[in-house]
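Me: I'd like to learn how to read the inside of a protein model and the place where its ligand sits. Could you take me through it?

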Amino acid sequence: MRQHTTFRQLEIFEAIARLGSFTRASEELFLTQPTVSMQMKKLAETVGVPLIEQVGKKIRLTPDGQQLAQATREIFDIMDHYTMSVAERQGLKQGRLSLMAITTASYFAPRLLGEFAKLYPGIDVSLRVTNKEQVLASIADNLDDLYFLGQPPEDIDVVATPIMDNPIVVLAAPDHPLARKKKIPLQRIAQEPWLMREKGSGTRNAIERCFAEKDITLRPRLELGSNEALKQAILAGLGISALSRHTLTLNQPGQFAVLDVEGFPILRHWYAVYPAGRQLSVVARAFLEYLLGRGEAALAAAGKRKG
Ligand code: PGA
């Protein structure tokens with residue numbers, strides 16, 4: 001009966017080819033030397049040509065042996081890939097994903113996470129929404145898998161991937177006198193009563209930078225610690241403000257006037273960030289890939305609509 005080459009024989013042969021020694025191959029594979037020799041003899045018989053030859057005290061591969069060594073490496077590479085992909089799929093059946101998002105990211109992060117969790121129901125997800133200071137502290141402590149930020153930290157070594165646009169638009173009540181004006185100059189808009197987020201907010205920093213570039217200082221009439229409070233104040237006619245367009249996600253179109261102001265929208269991005277030294281888990285990597293692919297599409301409608 002014709003013999004077949006077994007996977008075990010190829011494994012032994014690969015070790016001998018790599019290590020150049022029967023003894024070291026048998027040690028690496030926890031086999032006795034006679035077993036190794038016998039398996040190599042059978043392999044050569046099956047193939048029908050000598051694969052290994054003895055030169056003095058050393059061994060070397062014959063040309064046929066070298067070809068088999070190459071084929072064996074390719075087979076093992078394919079098997080490694082296969083095993084890894086099975087492990088990845090297994091990894092996505094269960095596991096944890098822990099995220100942290102800066103305040104304004106709460107308008108999109110739960111939705112993305114929700115859609116991902118539906119795809120992989122076995123994964124436990126957690127999302128904390130908090131202010132910039134706490135997000136930065138957690139990044140420094142390497143506590144969570146991924147962080148959503150409007151600007152990557154400058155003094156911590158991170159990997160930051162832009163995942164979607166974050167345009168900052170000027171919002172007013174729909175009956176505001178400037179609602180129908182075109183190309184309102186920054187100087188003019190600065191004279192309006194401004195409602196601003198708290199100090200340290202990424203949105204506020206972006207607005208202040210935009211005005212500072214034209215040497216204009218904004219003097220907020222009112223400071224409020226949340227986007228929703230700001231929106232209420234705008235509708236109450238207390239003034240105008242500039243917010244991420246994502247904050248309008250749940251509002252009816254037309255509920256706010258988006259003013260046509262020179263220099264606006266300020267074009268920013270949302271970033272998914274993790275500490276440079278962190279090895280992302282299978283789940284976290286899958287989520288990041290999901291964000292780069294389907295996330296943008298899922299949110300495009302919300303991101304592009306007008307007030
Ligand atoms: P924030 O948003 O204003 O809630 O801090 C983050 C950012 O846009 O950087």
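**Reading the core and the ligand site**

Me: Let's start with one side chain. Which residues is Phe287 in contact with, leaving aside its neighbours within four places in sequence?

Reply: Happy to help, and keep in mind that this is a predicted model. Beyond those neighbours, Phe287 touches Leu97, Leu99, Leu112, Leu113, Phe116, Leu146 and Phe148.

Me: How should I read a cluster like that?

Reply: The general idea is that in soluble globular proteins, nonpolar side chains tend to be buried together. Here, the largest nonpolar core has 35 residues. Phe287 is among those with the most contacts inside this core, along with Leu97, Phe108, Phe116, Phe148, Ile163 and Leu291.

Me: Which elements give two or more residues to this core?

Reply: The strands are β3 (95–102), β5 (146–149), β6 (158–172) and β11 (266–275), and the helices are α5 (109–119), α6 (132–141) and α10 (282–304). With seven residues, α10 gives the most. There is also a second, separate core of 22 residues, which includes Ile168, Met196, Cys210 and Ile216.

Me: Now the ligand. Which residues are around the ligand?

Reply: Begin with a list of what surrounds the ligand, then look for polar atom pairs. The list here is Ile102, Thr103, Thr104, Gly150, Asn166, Arg197, Ser201, Gly202, Thr203, Arg268 and Trp270. Oxygen atoms of the ligand lie 2.6 Å from a polar side-chain atom of Thr104, 3.0 Å from a side-chain N or O atom of Arg197 and 2.5 Å from one of Thr203.

Me: How much of the ligand's accessible area does the protein cover?

Reply: On its own the ligand has 280 Å² of accessible area, and the protein covers 97% of that.

Methods:
Residues numbered from 1 in each chain as written. Predicted model: local features only at pLDDT ≥ 70, side-chain atom pairs only at ≥ 80, totals over all residues. Heavy atoms only, no water. Core = buried A, V, L, I, M, F, W, Y, C linked by side-chain atoms within 4.5 Å. Buried < 20%, exposed > 50% of the residue type's maximum accessible area, 1.4 Å probe, protein only. Helix = DSSP H or I, 4+ residues; strand = E, 2+ residues; numbered from the N terminus. Contact = heavy atoms within 4.5 Å. Near = heavy atom within 4 Å. Polar contact = N/O pair within 3.5 Å; in protein donor to acceptor, adjacent residues only side chain to side chain. Areas by Shrake-Rupley, 256 points an atom, 1.4 Å probe, with all protein chains shown as cover.
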